[in-house]
Amino acid sequence: MDLFAIIALLIIVSAIYSYINARFIKLPGTIGIVSLAIIGSVATIIVDNLNPGIAKYLTILATNINFSKTVLNIMLGFLLFASAFNLNTRRLKREMRPVIILSTLGVILSTAIFGALFYYVAGFINIQIPFRYCLLFGAMVSPTDPVAVGAIIKGSRLPTNLETIISGESLFNDGIGLVLFVTLLEITQSGKDNVDFGKTIFLFIKEVFGGIFLGALTGYIAFRLMRSISDFQTIVLVSLSLVMFISVSAAYLHFSIPLSVVTAGLFAGNRSINADNKDHSHQALEKFWVLIDEMLNTVLFVMIGLQMVNLPFIRNYWIIGGIGIIIILAARWLSILLPLTFLRRSLKLNYGSINILTWAGVRGGISIALALVLPDSPYRHLMLSGTYFIVIFSIIVQGLTLNRVINASFKST
């Protein structure tokens, strides 16, 4: 199947699922689309076993999409830029301390806690998996997904400060999580005795700060270009070219693409491009990126559901999936509790917020994309299936019950 046919079929399927959900099911957009995509994938697998000809096109669509490359190299930059561009930066500045601590220290703590707990629990049920692979598993599922988070909290009753913290954290922790994943993957493949830790630390710093510098520089240049003109079409093209330039340049320079596009989005979105009060280009540009964000969200969550066609072995890992869900929730809870205990004045949060921050920490397509790039090993299917269980539980169950957790947390306080 050629590229245009794949894109056309994916858009058609996304439109069908979106219409069915909006017209009949009426669940929150993300949850409804993922649920329909999973049901469609299960039906495709069943029909394909009975009569391969009937489910031919959906099967071809699912198997022809390179999910990891599509998400990490193409969609991620646009989605993160859209989220950052439309984020309220005034609120973000007020909550910057908890955002930075949770998106850095929180991700590292969650990875370590998940790895340790999973290693011991897996050993207890006679599943032998090396500790370094458990840490790698933790790095895949610890970062919250800004796309999933943004879609879930949109209809929630979150207080403004917590909504800003969760949104900001999810934007920044992707960059940290991706760099941590690459670092641990190198250690896993090379073995701890063959890793140059000095070089590894240097590469970590280069990815993080290089990404921030690239995003700030290109964001400033693009902002100045957009502000110097009033033609809206050209302004849109400049913003699109900014995301594409960063994605290509950061990949070539080995900088963090997520941190680059988030920095550029915050920089450009924080400053009005309007040269005078008569020009409403900035507001129009915000609406444009909201539309891009929502459309790509729909396509991404359809792709997440379709991936089940490529994971027929998932039925063998129900226990691991259930264990992974419990452990990642515990790791997320502890990764918030520990910084809050020692840095309570800096974070300006109370203990009643921990449950909300834990339950609103939704995983999404980035975790699945990272799991799919894992090299062949005896543990690849285990980690891939476990990640899929965690992501689906996170989007559907946590998404549907978030408001109940918010209400219960405020009643208890």
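Me: What does the chain look like over residues 70-87?
Reply: Over residues 70-87 the chain is 89% helix and 0% strand, with the end C-alpha atoms 24 Å apart. Helices here are DSSP runs of H or I with at least four residues, strands are runs of E with at least two, and both are numbered from the N terminus. Please keep in mind that this is a predicted model, in which local features need pLDDT of at least 70 and side-chain atom pairs count only at pLDDT 80 or more, while totals for chains, interfaces and linings use all residues. Residues are numbered from 1 along each chain as its sequence is written, and side-chain values use heavy atoms, with hydrogens and water left out.

Me: Which feature does UniProt place at residues 70-87?
Reply: The unreviewed UniProt entry gives "transmembrane region" there, and the feature also appears at other stretches, including 28-50, 200-223 and 386-406. UniProt positions follow the numbering used here, feature names are shortened, and such annotations may be inferred rather than shown by experiment.

Me: And how far apart are the end C-alpha atoms over residues 28-50?
Reply: They are 33 Å apart, and that stretch is 96% helix and 0% strand.

Me: How many helices and strands are there in the protein chain?
Reply: The secondary structure comes to 18 helices and 0 strands.

Me: What radius of gyration does the chain have?
Reply: The chain has 21 Å, which agrees with the value near 22 Å for a compact globule of 413 residues; the radius is taken over C-alpha atoms, and the globule rule is 2.2 Å times the number of residues to the power 0.38. Along its principal axes the C-alpha trace spans about 65 × 55 × 50 Å.

Me: How much of the chain counts as buried?
Reply: Of the 413 residues, 55% count as buried, where buried means under 20% relative accessible area, exposed means over 50%, and partly exposed lies in between (1.4 Å probe, protein chains only).

Me: Which residues have the most contacts inside the largest nonpolar core?
Reply: Those are F118, M140, L285, W289 and M383, in a core of 134 residues. Helix α9 (residues 160-190) gives the most to this core, with 13 residues. A nonpolar core is a set of buried Ala, Val, Leu, Ile, Met, Phe, Trp, Tyr and Cys residues joined through side-chain atoms within 4.5 Å.

Me: OK, what does W289 touch?
Reply: Leaving out residues up to four places away in sequence, W289 touches F78, F81, A82, F85, N86, S239, L240 and V243, a contact being heavy atoms within 4.5 Å. Ring pairs also link W289 with F78, F81, F85 and F288 into a cluster.

Me: How many aromatic pairs does the structure hold?
Reply: It holds 14 aromatic pairs. One of them is Y19 with F24, an edge-to-face pair at 6.4 Å centre to centre with 85 degrees between the planes, and both Y19 and F24 are exposed. Rings of Phe, Tyr and Trp (its six-membered ring) pair if their centres lie within 6.5 Å; planes under 30 degrees apart count as stacked, over 60 as edge-to-face and the rest as tilted.

Me: Switching to loops, is Q307 buried or exposed?
Reply: Q307 is buried, because its relative accessible area is 4%. Q307 sits in the loop between α13 (281-306) and α14 (318-342), where it touches A62, F67, L372 and Y388, not counting residues up to four places away in sequence.

Me: And where is V373?
Reply: V373 is in the loop between α17 (365-372) and α18 (380-412), and at 36% relative accessibility it counts as partly exposed. Beyond its neighbours within four places in sequence, V373 is in contact with S68 and F181.

Me: What about phi of K26?
Reply: Phi of K26 is near 60 degrees, a positive value in a residue other than glycine. For background, most residues other than glycine have a negative phi. K26 lies in the loop between α1 (3-25) and α2 (29-50), and its 62% relative accessibility is why it counts as exposed. H254 also has a phi near 60 degrees, and that residue is found in the loop between α11 (232-253) and α12 (257-270).

Me: Last one: in which helix does Q233 lie?
Reply: Q233 lies in helix α11 and is exposed, with a relative accessible area of 58%. The C-alpha atoms of Q233 and S281 are separated by 9.7 Å, although the two residues are 48 residues apart along the chain.
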